[in-house]
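Student: I am new to this structure and would like a close look at one part of it, taken slowly. Could you walk me through that part once the picture is in front of us?

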Amino acid sequence: MPPRIAISLCLDDRGRWRPGRRYQYADLDYARALDDAGGVPFFVPLQGSAEQALAAADGLLLPGGDDLLPQQPYPAGVAFDPVPDEQLHFDRALLAAATGRGLPVLGICYGMQLLALEHGGTLHYDIETDLPKAGPHRLGDPEARHAIAIEAGTRLAELAGGREALVNSTHHQAVAAPGEGLRVSARAADGVVEALEADSEPFRVGVQWHPEKGTGALDRALFRAFVAACGDARPS
């Protein structure tokens, strides 16, 4: 049987879609990318037990989402679209449950940032404020790409077949420090962190771009490697 991979969901608890209702949602491209790579995706709604939610899972994908909020004040012109506390609490519980079982994890955008925080890392909560010399990372054209430089000897370099790649970019937050047990595996030309990975097994990778949207060789290789790791981690 192909590996079953859980995808966490975003929460709308502010009635953005319909007043008085709460919805959970996800971009279907995450499921499509996992399916194309040979996995069986399923979505995990908020519930009482993260451990039970992952009972049938062979891996966890933490997708993109809303903003993580800083503790310190930012200039009045900086707008944040915060992740609801209920979703953040459950996502953290899912990550802890996956860690406890040794499941492979792939974090994308918000998912990578949460992965760093849970490992004791830190964030740039607004790139323009924290890194005023950084280049643009909210590229308006969905087809636009910027280059990343990949660290030699990393899992990502092996998947890319080299030290360079082009990726999409739609974020204003970024990882500042990866945290214990994680290493930076790629950066943009301005130094902004673009990927993280665990120093050891199991597979634990975070990327700042959205590979589920891409058609590049690295995007496809990343999902194939994640699905393969989920299959390898399944108890025999």
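Student: Which residue in S12 is the bridge partner of arginine 187?

Tutor: Please keep in mind that this is a predicted model. In S12, arginine 187 has valine 193 as its bridge partner, and the strands on either side of that contact are a good place to begin. Strand S11 covers residues 182–188 and is mostly covered, with 5 of its 7 residues buried. Strand S12, made of residues 193–198, pairs with S11 in the antiparallel sense over 5 bridges. These two strands form a hairpin with 4 residues between them, and in that turn glycine 191 has a positive phi of about 95°.

S11 also pairs with strand S8, residues 146–150, again in the antiparallel sense, here over 3 bridges. Arginine 187 in S11 is the bridge partner of alanine 149, and arginine 187 is also partnered with valine 193 in S12. As background, in a regular strand the side chains alternate between the two faces of the sheet.

From the strands we can turn to the contacts between charged side chains, where the count comes to 14 salt bridges. One of these contacts begins just beyond S12: arginine 155 forms a salt bridge with glutamate 201, with the closest N and O atoms 3.1 Å apart. This pair links distant parts of the chain, since arginine 155 belongs to helix H6 (residues 155–160) while glutamate 201 sits in the loop between S12 and strand S13 (204–207), 46 residues apart. Arginine 155 counts as partly exposed at 24% relative accessibility, whereas glutamate 201 is exposed, with a relative accessible area of 59%.

Another salt bridge joins aspartate 58 and arginine 234, whose closest N and O atoms are 3.1 Å apart. Aspartate 58 lies in the loop between helix H2 (50–53) and S5, and arginine 234 in the segment after helix H7 (217–233), so this pair ties together parts that are 176 residues apart in sequence. Aspartate 58 is buried, at a relative accessible area of 10%, while arginine 234 is partly exposed, at 28%.

A further salt bridge is formed by the side chains of aspartate 66 and arginine 16, at 3.5 Å from N to O. Aspartate 66 is in the loop between strand S5 (59–62) and helix H3 (85–101), and arginine 16 is in the loop between strand S2 (10–12) and strand S3 (23–25), 50 residues apart. Aspartate 66 is buried because its relative accessible area is 12%, which falls under the 20% cut-off; arginine 16, at 38%, is partly exposed.

Terms used: Residues numbered from 1 in each chain as written. Predicted model: local features only at pLDDT ≥ 70, side-chain atom pairs only at ≥ 80, totals over all residues. Heavy atoms only, no water. Buried < 20%, exposed > 50% of the residue type's maximum accessible area, 1.4 Å probe, protein only. Pairing = 2+ DSSP bridges. Salt bridge = Lys/Arg side-chain N within 4 Å of Asp/Glu carboxyl O.
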